[in-house]
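Subject: Structure for you to look at

Hello,

Here is the structure I said I would pass on. Please open it first and then read the notes below it.

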Amino acid sequence: MQKQNIIKRKPKKPATFTFDEEKLKVEILAEAKKLHIAESTAEMMAGKVVANVSKWAKKRAVVTLDDINRRVATEMTKYSADLSYVYQNRGKII
C-alpha cells in the first residue's frame, strides 16, 4: 500500500474592492449604449441607480461585489427591465 502525499492549502483571503460610483456609472452607461438607449435617458437612469446603490451600501458594514451587482440590477429594474437583464448577465453567454 502506497502512502499518499497530502497537500494542505492555505485558505485564500477574500479580494477587497473599493466601491467607485463613477466606475459603476460608466459600466451602466456602457451597457445602456449596447441596448441603444438614448444617452440622456441612460445618464438619468445611471445617476439614479448609482445614487440609490451608494445610499444602500453606506448603511451596511460589509458589502460584497455580488451584493452590489444584485442591488444595481434591482434598482435598474425600476427604469429598464432590459438593461437590468443585460447588466445581470454581462460576461455570460446568453
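A good place to begin is Methionine 76, which touches Ile28, Val49, Leu83, Ser84 and Tyr87, leaving aside residues up to four places away in sequence. Please keep in mind that this is a predicted model.

To place that residue, step back to the whole chain. The protein has four helices and zero strands, and reading along the sequence gives the pattern α-α-α-α. Of its 94 residues, 27% count as buried. Among the contacts with a separation of 6 or more, 54% are accounted for by residues 24 or more positions apart.

Next, the nonpolar core. Which residues have the most contacts inside the largest nonpolar core? They are Leu24, Ile28, Ile68, Val72 and Met76, in a core of 17 residues. Met76 is therefore one of these five, and Ile28, which Met76 touches, is another. At least two residues of this core come from each of α1 (21-34), α2 (39-58), α3 and α4. The largest share is that of α2, with eight residues.

Now the pair of helices around Met76. Helix α3 covers residues 65-77 and helix α4 covers residues 81-88. They pack at an angle of about 165 degrees, and their axes are 7 Å apart. Angles over 145 degrees count as roughly antiparallel, so α3 is roughly antiparallel to α4. The crossing of the two helices is left-handed.

Which residues make this contact? On the α3 side they are Asn69, Val72, Ala73, Met76 and Thr77. On the α4 side they are Ala81, Leu83, Ser84, Tyr87 and Gln88. By type, the residues of the contact divide into six nonpolar, four polar and no charged. Val72 and Met76 thus appear in two places: they belong to the α3 side of this contact, and they are among the residues with the most contacts inside the largest core. Leu83, Ser84 and Tyr87, on the α4 side, are also among the residues that Met76 touches.

One last item lies elsewhere in the chain. Histidine 36 is found in the loop between α1 and α2. Its phi is positive, about 60 degrees, although Histidine 36 is not a glycine. Is Histidine 36 buried or exposed? Its relative accessible area is 72%, and residues over 50% count as exposed, so Histidine 36 is exposed.

Regards

Note on methods:
Residues numbered from 1 in each chain as written. Predicted model: local features only at pLDDT ≥ 70, side-chain atom pairs only at ≥ 80, totals over all residues. Heavy atoms only, no water. Axes fitted to C-alpha atoms, helices over the stretch in contact; angles between N-to-C directions. Parallel < 35°, antiparallel > 145°, perpendicular 65-115°, else oblique. Left-handed = near helix turned anticlockwise from the far one by under 90°. Contact = heavy atoms within 4.5 Å. Nonpolar A, V, L, I, M, F, W, Y, C, P; charged D, E, K, R; others polar. Core = buried A, V, L, I, M, F, W, Y, C linked by side-chain atoms within 4.5 Å. Buried < 20%, exposed > 50% of the residue type's maximum accessible area, 1.4 Å probe, protein only.
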